[in-house]
Every structure is written in C-alpha cells, then in structure tokens.
Amino acid sequence: MAREVEAYFAESVRASADALLATTNPTFRFDAEGSDTVVIDSAGVVGFVGAELRGMFIVGVGGQSLRAMRAELYDDWIGELANQLAGRVKNQLWRFGLTYHFTPPIMLRGDRLAVAAQEAQLCVSYSCASGQCRVWASLEVLRPVALAEPEEAEAGVAEGDLVLF
Amino acid sequence: MNKKILVIDDSTTVRREVVNALSGFEVLEAVDGLEGAELIESRADISLAICDINMPKMNGIEMLERVRGKQANENLKIIMLTTEGQPGMIKKAKQLGAKGWVVKPFKPEQLCAAAKKLTA
C-alpha cells in the first residue's frame, strides 16, 4: 500500500519523539495544551539529506530546574536528544526504502526560542515536572516518491538492544 | 598491563553514561573518530573501543576502516554505539571487524556485561 511520504514522516517523528522522551531522566509526556505555554531556552538542531529527502529536526528544552539538574551538560544533553531523534526516524524510514545522512547537532540558545509555523511541518509539545520540551521537524521531498510497505523487512537492531557478532 | 576501554562519542552526556556503566574498568575518552583512531594507534593497552557513528571530523565507520587496516590493532575489539539500526550499516561494520552493535539508549548492565565478555 503506497503511503504519502510526508504523512509517514510526521507519524515517524511523533512516535519517535514520544518513545525517546519517555526514556529520558526526567521523562516527558505529550502535552496537548503546551502550544501556548512552552518557553524554550536551548535547542539542538540536526539537519538531514538523502537522495529523496532533506529537512531538519529541532529539539528545544526550557526550565530552570532542568537546567540546574543537567548543569554544564544541559546543552550537550539536548543536542544528544536531537541526534537520537534523527536516528530513530531514520530507522523508521529505512523500512520503506528511504534513507538520509544527518549532521551532528548544532546548539541554539535564546529567550523564548520558536520556529515559524511555515518552516516546520510538525510541532509537538511535551512537559515534565521540571520543564518543557518542544520538537519541530521539517521535510522537503526532493523528487516524487511513494512509500510502499516492504514485503519482508530484513531485521535491524531495535532501540536499546545490544547484539554481539 | 591493565586493559582499558576507550569510549568515542561527541556527546559528553553519552561518554559520562558509558563511564558510569563501566564501573570497575579504566575508561579513556575521545570526542570524535579522529581522536579515537589516534589514541588507538598510539597505545597498546586498549582492549575494547565503544564507538559512536555520527561524529564530526571522522565518523565511526571511517574510524573502524582506519584502525582495522593496522596490524598493531588486530587484538582490539570494537562495539558500535549509535542511534542507527539499519541492517546495511550493521553488516558493513561487521565486515570491517566490529564485534557488536548497540542502539541508543543503551542498557548499562547489558553494556557492562558485553564489555566483560569481550575483555575476558
């Protein structure tokens, strides 16, 4: 069954961000009401490009308690979240024959960081007792492509798994 | 000679998590593939390297290619610790001599057990 790349990308980002932010310390939960209240002070940006796709992921975090908890590693931790999000989405898209290379994270700092709506196809908010998180993602499809369900996927290694050869 | 483990990752957060997971081992750190390769080539006491893939300067696969080409490193074991889990990349790393593959976020007890097994 052919699927729209944009729709599957958005699904993959949302599922990957939900799963990733459930593994962090502290864990974040999806916040449907967060769109008007989230205040982001630091964000990790990861760009990606492949034969069919290009775009970026931005993971922004805000909260004095979170900053204090992570101390000097606050920005590094956020950058790693953006890196892991890019990897998780890549693992999802690979099953449908799409792939990309992605950059190491670049950090942005500011006061009330935000991405203009027209620059991001997806914006999802999360929160925890210590702070807030927002994930933005954008996608540009470089040439016509339709996703087809793979008949039989070769098994990869799932998140959190370790395989010895 | 004490066996040492080298963790190669551009994220300080990940390096710190690996060091914490490997309590009991002496762990060295490198911030990218190039620094990792240079450390491996300059020391004979590293028995295991745990290496990220997506890093600046030199990525983990390039580092694997570089150190695998050197006879002095033939006893070194390497585990890839990455966000990626596609079979093509795993196969390539295996062909280049990697002994394991971990997809982040890793389980500390599992990584420690693998380190003990590979350094025994």
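What do the buried residues of H3(B) pack against? Hold that thought for a minute, and keep in mind that what we're looking at is a predicted model.

Okay, chain B as a whole. It has 5 helices and 5 strands, and if you read along the sequence you get β-α-β-α-β-α-β-α-β-α. The radius of gyration comes out at 13 Å, close to the 14 Å the globule rule gives for 120 residues, so chain B is as compact as a globular protein of that length. The C-alpha trace spans about 30 × 30 × 25 Å along its principal axes. Buried residues are 55% of the 120 in chain B. And if you take contacts in chain B with a separation of 6 or more, 59% of them come from residues 24 or more positions apart.

Now the sheet. We've got 6 strands in an open sheet with mixed pairing, and the order goes S8(A)-S5(B)-S4(B)-S3(B)-S1(B)-S2(B). So yes, chain A puts a strand in there too. The edges are S8 of chain A, residues 162-164, and S2 of chain B, residues 26-30, each pairing on one side only. From one strand to the next, the twist averages 20°.

Zoom in on one pair: S4 of chain B, residues 77-82, and S5 of chain B, residues 100-103, run parallel and are joined by 4 bridges. If you want a spot to click on, Leu81(B) has Val102(B) as its bridge partner in S5(B).

On to the helices. H2 of chain B, residues 33-42, packs on the sheet and touches S1, S2 and S3 of chain B, with its direction at about 160° to that of S1(B). Then there's H5 of chain B, residues 108-119, which lies across S8 of chain A plus S1, S3, S4 and S5 of chain B. H5(B) runs at about 15° to S8(A).

Which brings me back to H3 of chain B, residues 60-68. Its buried residues are Gly60(B), Ile61(B), Met63(B), Leu64(B) and Val67(B). They cover an arc of only 160° around the axis, and that's why they end up on the same side of H3(B). As for the opening question, those buried residues pack against S1, H2, S3, S4 and H4 of chain B, H4 being residues 87-95.

One last detail, at the start of H3(B): a side-chain oxygen of Asn59(B) reaches to within 3.0 Å of the backbone nitrogen of Ile61(B). Ile61(B) is also one of the buried residues I just listed. That's my tour, happy to take questions.

Definitions and conventions. Residues numbered from 1 in each chain as written. Chains lettered and ligands numbered in written order. Predicted model: local features only at pLDDT ≥ 70, side-chain atom pairs only at ≥ 80, totals over all residues. Heavy atoms only, no water. Pairing = 2+ DSSP bridges. Helix = DSSP H or I, 4+ residues; strand = E, 2+ residues; numbered from the N terminus. Axes fitted to C-alpha atoms, helices over the stretch in contact; angles between N-to-C directions. Contact = heavy atoms within 4.5 Å. Buried < 20%, exposed > 50% of the residue type's maximum accessible area, 1.4 Å probe, protein only. Arc of directions from axis to C-beta. Polar contact = N/O pair within 3.5 Å; in protein donor to acceptor, adjacent residues only side chain to side chain. Rg over C-alpha atoms; globule rule 2.2 N^0.38 Å.
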